[in-house]
Amino acid sequence: MARHLPRDDEILKIAAEVFFEQGYNGAKLEDIAKQAGIVKGSLYHYFESKEHMYERLIDEVKSLADIGAEAKSDLPVEDRLAEIVRRRVELVVRNPVEIGIISRHLVRMDGKAGEWARSYRRNFLHGLRDIIEEGQATGTFRPGDPDVLATFILGTITVITEWYRPGGRLGAEEIAEEMVAFVLQGVGVRPTRRRTRSQR
C-alpha cells in the first residue's frame, strides 16, 4: 500500500479488498489485520468495530461516486454519451474495488446504504437511456430498444470492477477511450478517438 496514506486510510483500503471479496458478513477483522500486518487488537486503535469500518468505507464509496454533472447539456448528443461513459469508466478504473462494492454488495443490502446504491445505479441507467432516446429521435443513433442498450452499457462498465486493477498495461484514459469507442459504435456512431496523455 502507498505509505503516504494516513494509517487508518491505508487500513480502510485493505479492508475494502476484503469486503469486496467476502462481503460484510463473510469479512473477518482477523483477515483485515493479517493483510495490514498487524494484530487484530490494533485495529481498534483506528476503528471501533467492523460495523464502524464498513460505515467509513461506505461513506468513502459515496464520496467517490458523487462526481457531479455527467456531461454538459449543450454538447451534441453523441459527445454527451461519450462524456458520460468516459467519466464513469475513469471513475471505475481508478477505484475498482470501492466502486465494485456498490454493484457486488450494496445494491443487495437493506437500509439506507442499499437504497442509495440502487438509486445510484438507477439514475445512471436513466441518464443513459434519456441520451440514447434523444439520439435516436434525431437520427444520430441507430434504432434499438433504449432500455436494452442502456443496460448493455451499464453492465459492460460494471463488470470492469471484476477484472481491472490499477497498474496494468492500460491506464484509466486508455480504457475509457476503448469503452467510448465501443459504446459509440454500438449505437451506430463512428467515434473520433481523443488522444490520451501518453499520445500527446
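The legends below describe close-up views of a predicted model.

**View 1. The chain is built from nine helices and zero strands.** From the N terminus, the order of elements reads α-α-α-α-α-α-α-α-α. Of the 200 residues in the chain, 42% are buried. Contacts between residues at least 6 apart in sequence include 61% that join residues at least 24 apart. The exposed area of the chain is about 11100 Å², with 49% of it supplied by carbon and sulfur atoms.

**View 2. Helix H9 covers residues 172-186.** H9 has 15 residues, and the distance from its first C-alpha to its last is 21 Å, close to the 21 Å expected at 1.5 Å a residue. Buried residues in H9 include Ile175, Met179, Val180, Val183 and Leu184. Glu173 and Glu177 of H9 are also buried, as are Ala172, Ala176 and Ala181. The partners of the buried H9 residues are helix H4 (77-94), helix H7 (146-158) and helix H8 (160-163). Gly188, just after H9, has a positive phi of about 95°.

**View 3. Helix H4 packs against helix H6 (residues 111-137).** The axes of H4 and H6 are 9 Å apart and make an angle of about 155°. Angles over 145 degrees count as roughly antiparallel, so H4 and H6 are roughly antiparallel to each other. The crossing of H4 past H6 is left-handed. On the H4 side, the contact is made by Val77, Arg80, Leu81, Ile84, Val85, Arg88 and Leu91. H6 contributes Tyr120, Phe124, Gly127, Leu128, Ile131, Glu134 and Gly135.

Terms used. Residues are numbered from 1 along each chain as its sequence is written. This is a predicted model: local features need pLDDT of at least 70, side-chain atom pairs count only at pLDDT 80 or more; totals for chains, interfaces and linings use all residues. Side-chain values use heavy atoms; hydrogens and water are left out. Helices (H or I, at least four residues) and strands (E, at least two) are DSSP runs, numbered from the N terminus. Buried means under 20% relative accessible area, exposed over 50%, partly exposed in between (1.4 Å probe, protein chains only). Contact means heavy atoms within 4.5 Å. Accessible areas come from the Shrake-Rupley method with a 1.4 Å probe; for residues, only the protein chains shown count as cover. The expected span of a helix is 1.5 Å times one less than its number of residues. Axes are lines fitted to C-alpha atoms, for helices over the stretch in contact, and angles run from 0 to 180 degrees between N-to-C directions. Angles under 35 degrees count as roughly parallel, over 145 as roughly antiparallel, 65 to 115 as roughly perpendicular and the rest as oblique. A crossing is left-handed if the near helix is turned anticlockwise from the far one by less than a right angle, and right-handed if clockwise.
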